[in-house]
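Please open the structure in your viewer and keep the selection tool at hand. This tour goes stop by stop.

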Amino acid sequence: QVQLAESGGGLVQAGGSLRLSCAASGRSISSYAMAWFRQAPGKEREFVAAINWSGDNTYYADSVKGRFTISRDNDKNTVYLQLNSLNPEDTGVYYCSASSSFGASWFLSVEIAEYAYWGQGTQVTASS
């Protein structure tokens, strides 16, 4: 069983930056695809970014492309999301998730249903 714990959220002004971390425990996530999703008040949870097991394949939602960067350190069992040029539309709870569906492969997914493990989330608020 994989447990995920997000940290690094906070309140920033528009244009600011944050770095989110997702620390995994229980077992190694080195062969897992990992992803970040977010949920704004009154809206559905949406895909933000994903990374395959080795980090050589990443994918981003159009709304964050060029501003956010997902990365991972398998030795530390941790995944990161660097958030730059934040705007109020980025406000929400950010969730880390893990999928064992793809093993040590190139593949990843943007679908919530593919990710079996989830953290509790960390709040990100960008004020105008």
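What follows is a short walk through a predicted model.

**Stop 1: the open sheet**

Begin with four strands. They form an open sheet in the order E1-E3-E8-E7, with antiparallel pairing. Now select residues 3-7 and then 68-73. These are strands E1 and E7, the edge strands, and each pairs on one side only. Turn the view and follow the twist: it averages 15 degrees from one strand to the next.

**Stop 2: one edge of the sheet**

Keep E7 selected and add residues 78-83, which make up strand E8. How many bridges join E7 to E8? There are six, and the two strands run antiparallel. For a single pair of residues, pick Thr69. Opposite Thr69, in E8, stands Gln82.

**Stop 3: the disulfide**

Next, show the cysteine side chains. The structure holds one disulfide. Select Cys22 and Cys96, whose sulfur atoms lie 2.0 Å apart. Is this link left-handed or right-handed? The angle about the S-S bond is -75 degrees, and the link of Cys22 and Cys96 is left-handed. Why look at the strands around the pair? Cys22 lies in strand E3 (residues 18-25) and Cys96 in strand E9 (residues 92-99), so the disulfide ties together parts that are 74 residues apart in sequence. Switch on a surface here: both Cys22 and Cys96 are buried.

**Stop 4: strand E5**

Move to residues 46-51, strand E5. Is this strand largely enclosed or largely open? Five of its six residues are buried, so strand E5 is largely enclosed by the rest of the structure.

**Stop 5: from E4 to E5**

Add residues 33-39, strand E4. Five bridges join E4 to E5, and these strands run antiparallel. Select Phe37 and look across to E5: its bridge partner there is Phe47. Then trace the hairpin of E4 and E5. Six residues sit between the strands, and Gly42 in this hairpin takes a positive phi near 75 degrees.

**Stop 6: from E5 to E6**

Stay with E5 and add residues 58-60, strand E6. Three bridges join E5 to E6, again in an antiparallel run. Which residue of E6 is the bridge partner of Ile51? Select Thr58 to see that partner. Finish in the hairpin of E5 and E6, which has six residues between its strands. Here Gly55 takes a positive phi near 90 degrees.

Definitions and conventions: Residues are numbered from 1 along each chain as its sequence is written. This is a predicted model: local features need pLDDT of at least 70, side-chain atom pairs count only at pLDDT 80 or more; totals for chains, interfaces and linings use all residues. Side-chain values use heavy atoms; hydrogens and water are left out. Two strands pair if DSSP finds at least two bridges between them. Axes are lines fitted to C-alpha atoms, for helices over the stretch in contact, and angles run from 0 to 180 degrees between N-to-C directions. A disulfide is a pair of cysteine sulfur atoms within 2.5 Å. Buried means under 20% relative accessible area, exposed over 50%, partly exposed in between (1.4 Å probe, protein chains only).
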